[in-house]
Amino acid sequence: MDPDAGQAEAPGWYDADTATFGDRMTGAREASGMSQAELARRLGVKVKTIRAWENDRSEPRANRLQMLAGILGVSIMWLLNGEGDGLEGPETPAELPEDLAAILADMRTLKVDQARLAERAARLEKRLRLALASQTI
């Protein structure tokens, strides 16, 4: 009898359901052997822009996305949603103990929540600036 029978396999970081745009971009950049600085130079953007994309704080515009996919040797669709021509991911994903997999899942959820809160804070800040500007006129 298989000791692992009945245990659900935890998705890997490259799983289409868990990997983000930033995860895939980082993986493709690292697989190509490029640093953030080199990729930024080749795309004509600042290193902080690359960091923001890799940390899922923002995404490139269409023209930069097309250039990015070409430089990294992956498809635009793979960068956006994990489908199409891209990296295969690890052949044999490392199995994490259940407690570590739960922590990793919580961290991913927190990362998504943080991005949503940052977007919300930016919208509120814009509304506040507009309200203040209309009062001072």
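**Entry 1: a term to start with**

I call a residue exposed when its relative accessible area is over 50%, and buried when that area is under 20%. What falls in between is partly exposed. I tried the rule on Arg 129: its relative accessibility is 55%, so Arg 129 counts as exposed. I also noted that the model I am reading is predicted.

**Entry 2: the overall plan**

I looked up the secondary structure. The protein has six helices and zero strands. Along the sequence I read the pattern α-α-α-α-α-α. Next I looked up burial for the whole protein. Of its 137 residues, 21% are buried. I then turned to contacts between residues at least 6 apart in sequence. Of these contacts, 53% join residues at least 24 apart.

**Entry 3: helix 1**

How many residues of helix 1 are buried? I found nine of the eleven, so helix 1 is largely enclosed by the rest of the structure. The buried ones are Phe 21, Gly 22, Asp 23, Arg 24, Met 25, Thr 26, Gly 27, Ala 28 and Arg 29. I then asked what covers these buried residues. The cover includes helix 2 (36–43), helix 3, helix 4, helix 5 (76–81) and helix 6. I also checked the backbone just after helix 1. There Gly 33 takes a positive phi of about 80°.

**Entry 4: helix 1 against helix 4**

Two packed helices are described by the angle between their axes and the distance between the axes. I looked up both values for helix 1 (residues 21–31) and helix 4 (residues 62–72). Their axes come within 9 Å and cross at roughly 40°. Angles under 35 degrees count as roughly parallel, and 65 to 115 as roughly perpendicular. Helix 1 and helix 4 are therefore oblique to each other. Their crossing is left-handed.

Which residues meet here? From helix 1 I listed Phe 21, Met 25, Ala 28 and Arg 29. From helix 4 I listed Leu 65, Leu 68 and Leu 72. By class, this contact has six nonpolar residues, no polar ones and one charged one.

**Entry 5: salt bridges around Arg 29**

I counted the salt bridges next. There are three. Arg 29, Glu 30 and Glu 54 are linked in a network of such bridges.

I took the partners of Arg 29 one by one. With Glu 30, the closest N and O atoms are 4.0 Å apart. With Glu 54, the closest N and O atoms are 2.5 Å apart. Glu 54 lies in helix 3 (residues 47–54) and Arg 29 in helix 1, so this pair ties together parts that are 25 residues apart in sequence.

Are these residues buried or exposed? Glu 30 has 53% relative accessibility, so it counts as exposed. Arg 29 has 8%, so it counts as buried. Glu 54 is buried, as Arg 29 is.

**Entry 6: helix 3**

I stayed with helix 3, where Glu 54 sits. Ile 50, Ala 52, Trp 53 and Glu 54 are buried in this helix. I looked up what the buried residues of helix 3 pack against. The list is helix 1, helix 2, helix 4 and helix 6. Just after helix 3, Asp 56 takes a positive phi of about 60°.

**Entry 7: a bridge within helix 6**

I went back to Arg 129. Its side chain meets that of Glu 125 in a salt bridge (2.5 Å, N to O). Why are Arg 129 and Glu 125 separated by about one helical turn? They are four residues apart in helix 6 (residues 98–136), which accounts for that spacing. An α-helix has 3.6 residues a turn, so residues three or four places apart point the same way. Glu 125 has 39% relative accessibility, so it counts as partly exposed. Arg 129, at 55%, counts as exposed.

**Entry 8: Lys 111**

My last lookup was Lys 111, which lies in helix 6. At 29% relative accessibility, Lys 111 counts as partly exposed. What does Lys 111 contact, leaving aside its neighbours within four places in sequence? I found Thr 20, Asp 23, Glu 54, Asn 55 and Asp 56. Two of these names were in my earlier entries on burial: Asp 23 is among the buried residues of helix 1, and Glu 54 is among those of helix 3. I also looked up Lys 111 with Arg 57. They are 54 residues apart in sequence, and their C-alpha atoms are 9.6 Å apart in space.

Methods
Residues are numbered from 1 along each chain as its sequence is written. This is a predicted model: local features need pLDDT of at least 70, side-chain atom pairs count only at pLDDT 80 or more; totals for chains, interfaces and linings use all residues. Side-chain values use heavy atoms; hydrogens and water are left out. Axes are lines fitted to C-alpha atoms, for helices over the stretch in contact, and angles run from 0 to 180 degrees between N-to-C directions. Helices (H or I, at least four residues) and strands (E, at least two) are DSSP runs, numbered from the N terminus. Angles under 35 degrees count as roughly parallel, over 145 as roughly antiparallel, 65 to 115 as roughly perpendicular and the rest as oblique. A crossing is left-handed if the near helix is turned anticlockwise from the far one by less than a right angle, and right-handed if clockwise. Contact means heavy atoms within 4.5 Å. Ala, Val, Leu, Ile, Met, Phe, Trp, Tyr, Cys and Pro count as nonpolar, Asp, Glu, Lys and Arg as charged, and the others, Gly among them, as polar. Buried means under 20% relative accessible area, exposed over 50%, partly exposed in between (1.4 Å probe, protein chains only).
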